[in-house]
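Here are some exercises to work through with the sequence and the 3D view side by side. Try each task yourself before you read its solution.

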Amino acid sequence: VVVLIAKLARGQTAGCTTGEIWLNSTDPRVQSVAAALGASAAGRLEACIGGSWGTVCDNDFSDVDAAVVCRQLGKSTRGATYVGGAGFGDGKGPIVMDYVDCQGNETRIVDCVYSAISSCVHSRDVGVICLTENFTCADGEVRLVGGASNNSGTVQVCLNQHF
């Protein structure tokens with residue numbers, strides 16, 4: 001919470017160190033989705049590259065990449081999920097990472113292969129959900145994530161106790 005407040009106070013425009021990240025969860029919809037899923041962190045992924053804060057495009061982003069984000073934030077990687085298509089709202093400013101490709105063992109998202117040059121648009125900003133450590137799901141369980149209401153979003157199915 002302190003990190004979030006500090007970053008909001010800076011308005012995401014102050015200088016930063018390459019590799020810093022945060023999940024922008026200021027939208028009330030994000031907060032309600034996070035609470036409903038029992039998430040320890042959720043929001044639009046924002047990263048610092050070259051001293052500037054910006055968003056991350058969802059091109060080729062996967063749950064493997066989301067797990068690296070959760071690991072970097074000190075959260076559990078179990079059940080880490082990405083939400084594409086600006087499911088947590090459109091960002092502003094530059095898009096600093098595109099075509100992120102993590103192997104899954106990285107400690108920071110900037111340790112993954114990515115392109116810093118992007119023709120992406122903010123309607124493709126990626127979000128990440130980090131679930132609580134004790135989260136489990138039953139195989140065959142279905143959920144919707146990232147929608148504007150309880151009746152919309154991406155359908156996810158639990159398999160081997162993971163969405």
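**Exercise 1. Find how much area the protein exposes, and what share of it carbon and sulfur atoms supply.**

Solution. In this predicted model, the protein exposes about 7900 Å². Carbon and sulfur atoms supply 53% of that area. Now turn to the residues: of the 163 in the protein, 47% count as buried.

**Exercise 2. List the helices and strands in order from the N terminus.**

Solution. Begin with the count: there are 3 helices and 9 strands. Next, walk along the chain from the N terminus, and you meet the elements in the order α-β-α-β-β-α-β-β-β-β-β-β. Finally, look at the contacts with a separation of 6 or more: residues 24 or more positions apart account for 65% of them.

**Exercise 3. Classify the ring pair of F61 and Y82, and say where each residue sits.**

Solution. A pair of aromatic rings is described by two things, the distance of the centres and the angle of the planes.

- Step 1: the structure holds 1 aromatic pair, and its partners are F61 and Y82, with 6.0 Å from centre to centre.
- Step 2: the planes make an angle of 55 degrees. Stacked needs an angle under 30 degrees and edge-to-face one over 60, so what remains is tilted.
- Step 3: F61 belongs to the loop between β3 (52–56) and α3 (63–72), while Y82 is in strand β4 (residues 81–83). The two are 21 residues apart, and the pair links distant parts of the chain.
- Step 4: F61 has a relative accessible area of 4%, so F61 is buried. Y82 has 30% relative accessibility and therefore counts as partly exposed.

**Exercise 4. Trace the disulfides C57–C120, C70–C130 and C102–C112.**

Solution. The structure holds 4 disulfides, and we follow these three among them.

- C57 and C120: the sulfur atoms are 1.9 Å apart. With 65 degrees about the S-S bond, this link is right-handed. C57 lies in the loop between β3 and α3, and C120 in the loop between β6 (113–115) and β7 (127–131), 63 residues away along the chain. C57 is buried at 0% relative accessible area, and C120 is buried at 15%.
- C70 and C130: here the S to S distance is 2.0 Å. The angle about the S-S bond is -95 degrees, and the link is left-handed. Because C70 is in helix α3 and C130 in strand β7, the pair ties together parts that are 60 residues apart in sequence. Both cysteines, C70 and C130, are buried.
- C102 and C112: the sulfur atoms are 2.0 Å apart. The torsion about the S-S bond is about 100 degrees, so this disulfide is right-handed. Both C102 and C112 lie in the loop between β5 (95–101) and β6, 10 residues apart. C102 counts as buried at 6% relative accessibility, and C112 is buried at 5%.

**Exercise 5. Which residues form the nonpolar patch on the surface, and is V142 buried or exposed?**

Solution. First, collect the members: V142, L144, V155 and V157 form the patch, and together they have about 340 Å² of accessible area. Next, check the elements: β8 (142–146) and β9 (153–157) are the ones that give two or more residues to the patch. Last, take V142, found in strand β8. Exposed means over 50% relative accessible area, and V142, at 53%, therefore counts as exposed.

Methods:
Residues numbered from 1 in each chain as written. Predicted model: local features only at pLDDT ≥ 70, side-chain atom pairs only at ≥ 80, totals over all residues. Heavy atoms only, no water. Phe/Tyr/Trp six-rings, centres within 6.5 Å; stacked < 30°, edge-to-face > 60°. Helix = DSSP H or I, 4+ residues; strand = E, 2+ residues; numbered from the N terminus. Buried < 20%, exposed > 50% of the residue type's maximum accessible area, 1.4 Å probe, protein only. Patch = residues over 30% accessible without salt bridge, like charges linked within 9 Å, V, L, I, M, F, W, Y side chains within 5 Å. Areas by Shrake-Rupley, 256 points an atom, 1.4 Å probe, with all protein chains shown as cover. Salt bridge = Lys/Arg side-chain N within 4 Å of Asp/Glu carboxyl O. Contact = heavy atoms within 4.5 Å. Disulfide = S-S within 2.5 Å.
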